[in-house]
Amino acid sequence: MLTVCALPILSDNYIWVLHDGRRAVAVDPGEAAPLTAWLARQRLELAAVLITHRHWDHVNGLPALLASHATLPVFGPPGIDHIRHPLVEGDTVDVLGQSFTVLAIPGHTREHLAYLGAGRLFCGDTLFGAGCGRMFDGPPEHYQASLARLAALPTDTLVHCTHEYTASNLRFAAAVEPDNPAITARMQVVSTLRAQNQPSVPFTLAEELATNPFLRLTQAAVQDAARRQGAASLDAAELFRALRAWKDHF
């Protein structure tokens with residue numbers, strides 16, 4: 001039986017920890033100390049690390065973890081310091097008796113990977129609750145294609161992103177689609193969760209398809225909003241570009 005826990009770190013990050021009651025796998029350990037302390041309290045042995053992309057708040061814990069776990073397997077994109085097992089599109093990673101498929105999803109960063117398995121998607125900063133990450137490496141065609149690929153996954157897939165941004169993203173989604181009742185309902189649910197200091201993640205892909213403007217580019221209201229923000233056409237990448245530029249300054 002696989003258990004998945006969200007370990008809060010920094011101001012709004014999560015380390016995802018998968019465990020079977022004895023061994024654990026950490027996804028994107030941006031800090032080592034909180035993870036090490038949590039594992040000790042739970043009496044879990046760190047068996048592997050999965051990395052989605054190069055940004056500091058996802059990898060800064062690696063040196064300390066490797067100092068205390070000399071043979072620790074670290075999986076992730078090529079070219080990142082401390083990655084011991086480089087991965088590319090189509091690879092599989094077997095951890096804790098589960099097989100995860102590696103998806104290349106460039107856009108937030110060019111090397112960004114996601115891990116899909118056990119009905120769960122660990123997607124780093126590519127897809128957030130009701131939003132997506134900033135476009136650092138572009139072009140928009142790549143990012144939009146990555147999001148479209150994730151949107152085509154089974155709707156009951158549980159999405160595990162690495163930031164607590166859902167509430168702010170929903171405020172943007174409401175500006176894009178003010179008459180979308182699913183956004184209003186989700187805002188109420190997330191507000192209640194956050195008031196109780198509970199995470200808004202994970203969430204289902206079905207929730208995203210109903211509320212995330214970056215996955216709803218075929219909707220007339222989203223297209224109209226993007227055109228008002230300077231989209232030159234109804235091409236999906238152009239609509240994405242306009243929405244992402246708007247969100248950058250929202």
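The questions below concern helices α6, α4 and α9 in a predicted model.

User: What span does helix α6 reach from its first C-alpha to its last?

Analyst: Helix α6 runs over residues 181–195 and has 15 residues. At 1.5 Å a residue, a span of 21 Å is expected. The span in the model is close to that, at 21 Å.

User: Which residues of α6 are buried, and on which side of the helix do they lie, the same or opposite?

Analyst: The buried residues of α6 are I183, R186 and V190. They cover an arc of only 65 degrees around the axis, so they lie on the same side of α6. P181, Q188 and A195, on the other side, are exposed. The placement of I183, R186 and V190 is therefore the same side.

User: What covers the buried residues of α6?

Analyst: The residues to be covered are I183, R186 and V190. Their cover includes α5 (166–176), β14 (203–204) and α7 (205–211).

User: At the start of α6, which residue's backbone nitrogen does a side-chain oxygen of N180 reach?

Analyst: Helix α6 begins at residue 181. The side-chain oxygen of N180 comes to within 2.9 Å of a backbone nitrogen, that of A182.

User: How are α4 and α9 oriented where they pack: roughly parallel or roughly perpendicular?

Analyst: Helix α4 (residues 140–151) packs against helix α9 (residues 236–248) with the axes 9 Å apart. P140, E141, Y143, Q144 and L147 of α4 meet A236, A237, F240 and R241 of α9. The angle is about 100 degrees. Angles of 65 to 115 degrees count as roughly perpendicular, so α4 and α9 are roughly perpendicular.

Definitions and conventions
Residues numbered from 1 in each chain as written. Predicted model: local features only at pLDDT ≥ 70, side-chain atom pairs only at ≥ 80, totals over all residues. Heavy atoms only, no water. Helix = DSSP H or I, 4+ residues; strand = E, 2+ residues; numbered from the N terminus. Expected span 1.5 Å × (residues − 1). Buried < 20%, exposed > 50% of the residue type's maximum accessible area, 1.4 Å probe, protein only. Arc of directions from axis to C-beta. Contact = heavy atoms within 4.5 Å. Polar contact = N/O pair within 3.5 Å; in protein donor to acceptor, adjacent residues only side chain to side chain. Axes fitted to C-alpha atoms, helices over the stretch in contact; angles between N-to-C directions. Parallel < 35°, antiparallel > 145°, perpendicular 65-115°, else oblique.
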